[in-house]
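Reader: I am new to this structure and would enjoy a close look at one part of it. Please choose a single spot, tell me what surrounds it, and then place it in the whole.

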Amino acid sequence: MKTISRLLLLFATLMITGLFFFPIWNIDLHAPQYPEGIGLRIWLNKITGEKPFDLININKLNHYIGMKPIVPESIPELKYMPYIVAGIILFGMLVILLKKRQLVFGWIASIVVIAIIGLYDFYMWGYHYGHNLSPEAPIKVPGMTYQPPLIGSKQLLNMKAESLPGIGGILLGLAVLIAIAAIIIDKRELKGN
């Protein structure tokens, strides 16, 4: 591989380290009783509120509609995801050192497959929280479920839920695009020689 392509791959790999410092996904709720909005930030190894008491307030809201509380310590994915991302970063560094274009395809494919599995897992997590409601809930609306959208916005009673990638998720997507660009540039440079 040419130097420029390897530098691009290095940049892409370093971008993925951003997942350790920024939320991967954001879920925001907007309602008249919360004019400033409340939100969740889903990180590689934890779930926090957008503001200090947001997670507590969301769990209080969930109690009224029968959703179980969000307890980050009980979510196993948050324990092993840092190791998976560290593996992706090490794989990326190995690809750069070995200079094999075929390995870049493998690296991109592994990121895409892991991202798809992660999105599916996230969807199922939201499904279970939003559909398995306590029959003892103070507020019961027949036929109503409270699953937030996987991506985009959705009206849930008087709340508008928005679910979008966070900075970490965006960095991961950009890293894949940069790796694809590195392959294209490398092919063009080889044809030019």
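Author: Gladly, and one definition comes first: a polar contact is a pair of N or O atoms within 3.5 Å, where, within protein, one can donate a hydrogen and the other can accept it, and residues adjacent in sequence count only if both are side-chain atoms. Keep in mind that this is a predicted model, in which local features need pLDDT of at least 70 and side-chain atom pairs pLDDT 80 or more, while totals for chains, interfaces and linings use all residues. Residues are numbered from 1 along each chain as its sequence is written, and side-chain values use heavy atoms, without hydrogens or water.

Our spot is glutamine 147, whose side chain reaches the backbone oxygen of tyrosine 123 at 3.2 Å. Glutamine 147 sits in the loop that links helix H4 to strand S4, residues 152-156; helices (H or I, at least four residues) and strands (E, at least two) are DSSP runs, numbered from the N terminus. With a relative accessibility of 6%, glutamine 147 counts as buried, a word that means under 20% relative accessible area with a 1.4 Å probe, protein chains only. Setting aside neighbours within four places in sequence, the residues in contact (heavy atoms within 4.5 Å) with glutamine 147 are Tyr123, Gly126, Tyr127, Gly130, His131, Lys154 and Leu156.

Helix H4 covers residues 101-131. Along with H1, helix H4 is among what covers the buried residues of H5. Those buried residues of H5 include Gly168, Leu171, Ala175, Ile178, Ala179, Ala182 and Asp186. On the H1 side, Ile4, Leu8, Phe11 and Met15 are among the residues that meet H5, where their partners include Leu171, Leu174, Ile178 and Ile185.

Now for the whole. The protein has five helices and five strands, and from the N terminus on these run α-β-β-β-α-α-α-β-β-α. Taken along the principal axes, the C-alpha atoms fill a box of roughly 70 × 30 × 30 Å. Glutamine 147 is buried, and of the 193 residues in the protein, 39% count as buried too. Finally, taking contacts in the protein with a separation of 6 or more, residues 24 or more positions apart account for 61%.

Technical notes: Buried means under 20% relative accessible area, exposed over 50%, partly exposed in between (1.4 Å probe, protein chains only).
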